[in-house]
Amino acid sequence: MEKQHFKLPFSLTQLQVSNYLGIKQLELSDLPADASWIFLTGENGFGKTSILKAIAKGLVGDEDFVEPLPAKTKLSVHGYKWGQPCFYEARSKKLAPQPFQMAGYGAARFRLSSMEEIDLSQTKINKKTYSLFYDDGLLLHIERILKDAERDDLPLFNRLKTIFLQLIPHLADIKSEVIAKKRRICYYEKSEDGKVYPPVLLHELAAGYRGILTTIGDMVQRLSEHPDNSLDDLQGIVLIDEFDAHLHPKYQYELPRLLSQVFPKIQFIVTIHSPIPLLSLPFSVKSVVLTVSRSVEKGIFIQNKEIPWRRLHPNALLTSPIFGLDTMFAPDTSPDDFIANDDYSEIERMEQIKIRLKSLKAKGLIQ
């Protein structure tokens, strides 16, 4: 009996687009149904965000408050929804009959909604795709759900805290505390040696950490709204533009792996400018890299080149067609001007050996 390959409950497998945001004619087909990550790479202005917006329209359709599809646009998606094959052809000013479970985020991911009660049905805050199209998109306030959970549902508060501590290893704890007679959510960071710093508030955290907390907080709220979804088994598709923005290389490296560990049933479709997010994912996590390009004749298109990116070192990745650097060296240098070792710890070890040899020679113990 043929072995059945695992399919994510929600996944994109095909996309067809014509006449949309610089896309003249684009077809993505045969995307693996079990691809946990789809990375879009390409230079600024080449159309990565346009493709992400097209995917969002295909998964959800035209939402109120969001730029409608032009009448001349043709856009359709194939994929899996709750594990079943599905097809949707997007139409101007029409929502998908049963939209995919999804959340979408543009490059600006710091603006939060009010802490007060909001009628989500009457505001752009509740639109899944708004943030992808406009920089003034508001994310559902993470501290509202944390405060409500700490007051009414302590297991939920602890589960959310566990998720955030897993995704941000430099956080030691998250606590609800009274400060100046107001209940606030406090974040405790820790040093490399495990020592805990004094608590800070959300707006005092580094931009990278704050962006993760606000984005994942919004994602968790949106995806868990569906009665068949739960925080312990979150399922859906998440689109993120400029995934690596504001992140130190260490965290660019760690975050995709951590997200796949915490949310194994979510498909992430993201745009990146750095090779580092590609490096930490184990081979067991199915991932696809699509390189976006653009020309006057073709418009926005995907370069279909088979590149063994999982086997490449960072420098090879940067000079491959995936990222397109012609050289890794400044114009007035050559490869001979640089140390060849790939690992800095090896360089340090060699320097220690040189120092030791010099000392032994000075003592006349060796020639």
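## Strand β6 and its partner

In this predicted model, strand β6 has side chains on two sides. Met102 and Gly104 point one way. Ala103 and Tyr105 point the other way. All of these residues are buried. In general, side chains in a regular strand alternate between the two faces of the sheet.

Which strand pairs with β6? The partner is β9, residues 236–240. The two strands run in the parallel sense, and four bridges link them. Within this pair, Ala103 of β6 faces Val238 in β9.

## The hairpin of β4 and β5

Strand β4 covers residues 74–81, and strand β5 covers residues 84–90. These two strands are antiparallel and are joined by seven bridges. One pair of opposite residues is Leu75 and Ala90, the latter in β5. Together, β4 and β5 make a hairpin, with two residues between the strands.

Look at Trp82 in the turn. Its phi is positive, at about 50 degrees, although Trp82 is not a glycine. Is Trp82 buried, partly exposed or exposed? Its relative accessibility is 32%, so Trp82 counts as partly exposed. Partly exposed covers the range between under 20%, which is buried, and over 50%, which is exposed.

## Phe65, another positive phi

Phe65 also has a positive phi, near 75 degrees, and it is not a glycine either. Where does Phe65 lie? Find the loop between α1 (48–60) and β4. Phe65 has 46% relative accessibility and therefore counts as partly exposed.

## Ser293 in strand β11

Now move along the chain to strand β11, which spans residues 287–295 and contains Ser293. Is Ser293 buried or exposed? Ser293 counts as buried because its relative accessibility is 9%, and the cut-off for buried is under 20%.

What does the side chain of Ser293 touch? It makes a polar contact with the side chain of Gln303, at 3.4 Å. Gln303 also appears in a wider list of contacts. Setting aside neighbours within four places in sequence, Ser293 is in contact with Phe46, Gly299, Ile300, Phe301 and Gln303.

## The largest cavity

How many cavities of 30 Å³ or more does the whole structure hold? The search finds two. The largest one holds about 150 Å³ of space. Its lining is made of 16 residues. Nearest its centre lie Arg109, Gly211, Ile212, Thr215 and Phe243.

Two elements give two or more residues to this lining: α5 (207–223) and α6 (249–262). Helix α5 gives the most, with six residues. By type, the lining of the largest cavity has 11 nonpolar residues, four polar and one charged.

## The second largest cavity

The second largest cavity holds about 60 Å³ of space. It is lined by 13 residues. Which of them lie nearest its centre? They are Lys127, Ser131, Leu138, Leu139 and Arg222.

Strand β6 returns here. β6 (102–105), α2 (130–133) and α5 each supply at least two residues of this lining. In the second largest cavity, the lining divides into five nonpolar, three polar and five charged residues. Helix α5 therefore deserves a second look in the structure: α5 supplies residues to the lining of the largest cavity and to the lining of the second largest cavity.

Note on methods. Residues numbered from 1 in each chain as written. Predicted model: local features only at pLDDT ≥ 70, side-chain atom pairs only at ≥ 80, totals over all residues. Heavy atoms only, no water. 1 Å grid on protein atoms, 1.4 Å probe; cavity = no way out; pocket = protein on both sides within 12 Å on 5 of 7 lines; lining within 4 Å. Points joined across faces, edges and corners; volume = space filled by probe spheres on them. Nonpolar A, V, L, I, M, F, W, Y, C, P; charged D, E, K, R; others polar. Pairing = 2+ DSSP bridges. Buried < 20%, exposed > 50% of the residue type's maximum accessible area, 1.4 Å probe, protein only. Polar contact = N/O pair within 3.5 Å; in protein donor to acceptor, adjacent residues only side chain to side chain. Contact = heavy atoms within 4.5 Å.
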